[in-house]
Amino acid sequence: MDVEKVISYFKKVCSIPRASGDEAAIADYIVAFAKERDLDVYRDEVNNIIIRKPGTVKGAEPVILQGHLDMVYVKEEGCSHRYADGIEVKEDGEYYFAEGTSLGADNGIAVAYCLAILDSTQLQHPDLEVIFTVQEETGLIGADKLDISSLKGTRFINLDSEEEGVFYTSCAGGLRCRMIWNLEKEIWKEESIPVTVNVKELAGGHSGINIGKGLGNSIVLLGRLCYALRNTQARVSDIEVQGKANAIANTGKISFYVKKDEKETVEALIRDTQEVFRTELQYTDSISLEIEEGDPVKEAEVYTEKYQSEITKSLMLLPYGVFGYSFAIEGLIETSMSMGSLTTEDGRMTLLMSMRSSVESQKYFLRDKIQIIAEQFCDECIFESDYPGWQYRAESPLRETAIALYEKLSGKKAELAAIHAGLECGYWDGKRPGMDIISVGPNLYDVHSTKEKVSKESIANMWNWLTELLKELAEA
């Protein structure tokens with residue numbers, strides 16, 4: 001079957017707005033698609049979907065295919081794109097991408113593969129049970145809620161990986177945290193000048209997969225900038241970092257009010273701090289701290305000294321980045337922590353963080369560290385979206401068949417790997433012990449960022465492999 005059918009469905013899926021928590025429209029489309037083809041379809045209360053398609057060969061054990069409907073929607077500062085318009089897929093000779101926004105190939109390409117298979121009258125395959133989950137990007141919520149007790153298959157193919165030829169066999173579990181301050185402000189009755197610092201040029205990226213690459217995090221850096229100004233009378237009036245828990249924060253701003261006689265000192269400290277950051281990031285990232293200055297004012301609304309101090313100390317003390325490496329799998333990050341957003345609404349400032357670990361006790365060790373800091377320096381601390389990891393299984397007939405076929409078709413050696421990111425496989429493994437699971441996908445780059453792209457060649461390669469695998473599993 002021609003891969004163009006996959007691309008057609010991919011473009012259709014991308015055209016439908018589907019940020020995490022807003023999957024109703026894409027779910028409507030999937031359900032209508034199934035009903036038009038007289039396929040058995042089930043939709044639960046949160047918009048998870050299961051579609052069943054009879055096999056072309058009777059008697060073969062069913063196979064489960066799975067991807068998630070939601071995407072991480074981010075856009076470049078100043079981009080005029082409207083979320084409600086969906087994503088228009090662009091292309092060049094090698095890649096599909098979007099302009100000014102994330103693409104959503106994570107996990108839209110999996111949805112497209114599944115729709116093309118369900119639509120086909122030519123492909124050979126066993127009975128299929130196809131799962132589309134929701135809110136994967138905000139803590140694997142759909143997988144947590146979905147009842148899979150009615151499924152018959154035990155061979156499970158998750159299509160949410162991002163490297164062709166790399167067969168994932170385990171993943172990290174995760175936990176999210178919100179530290180909250182009930183901000184208090186006061187009127188600072190000093191003639192002062194407003195100064196805003198905008199963080200620019202940081203690359204950003206996936207908070208699990210890219211956490212060990214030495215990328216800058218704008219929240220961490222803004223905390224350090226605040227601390228660098230601690231001996232001045234600069235008073236913070238606003239901090240704003242829009243972002244996602246599963247993306248490394250790469251933009252943001254902080255606004256101060258500065259006395260006239262300290263303006264030059266403060267701006268010099270900001271420039272000096274910028275040079276410190278550039279030196280630290282010279283091999284891994286880029287950064288610019290752009291300074292904007294306003295007109296003098298007689299008085300200004302600012303954070304109280306108590307809250308300015310507590311927020312600054314929290315950002316300085318909270319762990320960030322790689323917390324530990326695995327001694328079982330060489331090069332694998334075992335435990336990490338990332339900060340995704342720092343926003344204020346209705347007087348409450350919220351810092352959103354994401355912890356990951358392939359060792360559950362280490363995940364909770366990191367949680368306890370954060371709890372201790374929170375007890376000293378914030379008003380409320382909430383832990384949520386606690387999801388399980390997926391443990392390696394020594395015996396996997398599905399994995400052996402899949403790898404042998406990939407090597408035969410590609411002429412390349414396949415790789416087994418663990419991933420320092422959350423995959424829904426942990427839920428399937430826990431809900432149906434003994435399930436034979438693999439996670440695969442085509443080459444995706446810079447997911448969860450405006451630089452996201454997917455390889456055309458790799459989409460075709462994995463489509464050929466997937467359809468041949470289903471044929472082989474039908475005949476087994």
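This is a short tour of the protein chain, from the whole fold down to a few paired residues.

**Start with everything shown**

Keep in mind that you're looking at a predicted model. Colour the chain by secondary structure: eleven helices and 25 strands should show up. Next, line the view up with the principal axes, where the C-alpha atoms fill a box of roughly 85 × 45 × 45 Å. Why is a radius of gyration of 24 Å no surprise here? A compact globule with 476 residues would come out near 23 Å, so the value for this chain agrees with that expectation.

**Switch to a surface**

Turn on the solvent-accessible surface and you get about 20,000 Å² exposed, with carbon and sulfur atoms supplying 45% of it. As for what's hidden, 58% of the 476 residues count as buried. If you colour by charge, you'll have 51 positive and 79 negative charges to look at. How far apart are the mean positions of the two sets? Just 1 Å.

Got a contact map handy? Take the contacts between residues at least 6 apart in sequence: 79% of them join residues at least 24 apart.

**Select 333-345**

That's strand E19, and it is mostly covered, with ten of its 13 residues buried. Now add its partners. Residues 321-325 are strand E18, which runs antiparallel to E19 and is joined to it by four bridges. To check the register, show Gly 324 and you'll find it opposite Thr 335 of E19.

Then add 348-357, strand E20, also antiparallel to E19, this time with ten bridges between the two. Which residue in E20 is the bridge partner of Ser 336? Show Arg 356 as sticks, and there it is.

Zoom in on the end where the chain turns back. E19 and E20 make a hairpin with two residues between them. One to click on is Asp 346, which sits in the turn with a positive phi of about 55 degrees.

**Move to the four-stranded sheet**

Next stop is an open sheet whose strands come in the order E4-E5-E25-E24, with antiparallel pairing. Which strands lie at the edges? Select 90-91 for E4 and 444-445 for E24; each of these pairs on one side only.

Stay with E24 and bring in residues 453-455, which are strand E25. The two run antiparallel and are joined by two bridges. For a last selection, pick Tyr 445 and look across to Lys 453 in E25, which stands opposite.

Technical notes: Residues numbered from 1 in each chain as written. Predicted model: local features only at pLDDT ≥ 70, side-chain atom pairs only at ≥ 80, totals over all residues. Heavy atoms only, no water. Rg over C-alpha atoms; globule rule 2.2 N^0.38 Å. Buried < 20%, exposed > 50% of the residue type's maximum accessible area, 1.4 Å probe, protein only. Contact = heavy atoms within 4.5 Å. Areas by Shrake-Rupley, 256 points an atom, 1.4 Å probe, with all protein chains shown as cover. Lys, Arg positive; Asp, Glu negative; His and termini not counted. Charge placed at Lys NZ, Arg CZ, Asp CG, Glu CD. Pairing = 2+ DSSP bridges.
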